[in-house]
Amino acid sequence: MLVDDQALIRAGFRAIVDSAPDLEVVGESNDGATAVEVIRDRRADVVLMDVRMPGRDGIATTRAITADEDLAGVRVIVLTTFELDEYVVAAMRAGASGFLDKGVDPDTLLDAIRVVAGGDALLTPKATRALLSSMTDAATPDGVDKDAVNGLTSRECEIVAMVGRGLSNDEIAASLYLSPLTVKTHVSRAMTKLHARDRAQLVVLAFRSGLTRLDDLT
C-alpha cells in the first residue's frame, strides 16, 4: 500500500514494487485521512508511508494503523526526504517497523519491504541511537522494567541485548557462533514472551529492561 500526497512519487514506487515477482501494490492513498480505510479494505501487508502530508501526517496515520486491532498484521515503513532524528523517533514511537530515506535505491527498497513483511524491523544504527537517545531524558529508574525479562532464558537475554544494539540476526549469529535460524528462533521466542509487536519494540524493551544501554551503541 502506498500513502503519499505526490502522484509522481507513488507512480515511481508502484513501478519499482510491481517489477518484483513476489510483490504487488494493492492500493494507494494521497492522504492519511483516507489511508486507514483503504488499507483495511485492500488488506495490505506493508505500507510505504510518507511523513509530510496535508491533513493527517504520516506519523499520526501510522499511529492509527498500529492502534487498530483489525490491522495487527500490517507493518509500516516510513519514508521521507528529511533525515532528522525527530522523524525517526516519532515514527518508531508511533509503531513503525522501519524508516527509510526516499533516496534509497530500488533494490534496498524491495529488500526493506521483504524484511518488514517477514516480521523484522529496519533499524539502522542511526535510527537505533536516535530512538534510545530520545528515551534517556524521559526514562526514570522507576520507568525501567527489569521484571519484563525475568521470563527469558540467559541466551534470550543475551540475544535481546544484541538486538537492542542494532545487530542483525546474521551479525548476532556470527558473534555467538550460532546459525542465523537459531538466532531467529530465539528472537521470535523473546518477542512472544515480551509481547513485542516487532523488532523495533524489542529494542525499546531491551533498553527499558536495562539489557541494553546507550553506551553499548557504537
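Leu181 and Thr192 of helix α9 are exposed, sitting on the other side of the helix from a set of buried residues, namely Val183, His186, Val187, Ala190, Met191 and Leu194. Viewed down the axis of α9, those buried residues fall within an arc of 135°, so they line one face of the helix. That pattern fits the geometry of helices in general: with 3.6 residues a turn in an α-helix, residues three or four places apart point the same way. The model here is a predicted one.

What does the buried side of α9 pack against? The partners are three other helices: α7 (154–164), α8 (169–176) and α10 (199–208). The length of α9 works out too. Helix α9 runs over residues 180–194, and its 15 residues should span 21 Å at 1.5 Å a residue; the end C-alpha atoms are 21 Å apart, which agrees. Right after α9 comes histidine 195, with a positive phi near 55°.

Stepping back to the whole chain, there are 10 helices and 5 strands. Of the 218 residues in the protein chain, 45% are buried. Taking contacts with a separation of 6 or more, 66% of them join residues 24 or more positions apart.

Threonine 62 gives a look at another helix, α3, which covers residues 58–66. Is threonine 62 buried or exposed? Its relative accessibility is 0%, so threonine 62 counts as buried. Leaving aside residues up to four places away in sequence, threonine 62 touches Met49, Val76, Val78, Ala94, Gly95 and Ala96. One of these, valine 76, is 14 residues away from threonine 62 in sequence, and the two C-alpha atoms are 6.8 Å apart in space.

Met49 also turns up in the lining of the largest cavity, along with Leu2, Val3, Asp4, Arg10, Phe13, Leu48, Asp50 and Leu79. The structure holds 1 cavity of 30 Å³ or more, and the space in the largest cavity comes to about 30 Å³. Such voids come to light by probing: rolling a probe the size of a water molecule over the atoms shows where empty space is left.

Which elements build the wall of this cavity? At least two lining residues each come from β1 (2–3), α1 (7–18) and β3 (46–50). The largest share is that of β3, with 3 residues. As for chemistry, the lining of the largest cavity divides into 6 nonpolar and 3 charged residues, with no polar ones. The charged residues in that lining include Asp4, Arg10 and Asp50.

Conventions
Residues numbered from 1 in each chain as written. Predicted model: local features only at pLDDT ≥ 70, side-chain atom pairs only at ≥ 80, totals over all residues. Heavy atoms only, no water. 1 Å grid on protein atoms, 1.4 Å probe; cavity = no way out; pocket = protein on both sides within 12 Å on 5 of 7 lines; lining within 4 Å. Points joined across faces, edges and corners; volume = space filled by probe spheres on them. Helix = DSSP H or I, 4+ residues; strand = E, 2+ residues; numbered from the N terminus. Expected span 1.5 Å × (residues − 1). Buried < 20%, exposed > 50% of the residue type's maximum accessible area, 1.4 Å probe, protein only. Arc of directions from axis to C-beta. Contact = heavy atoms within 4.5 Å.
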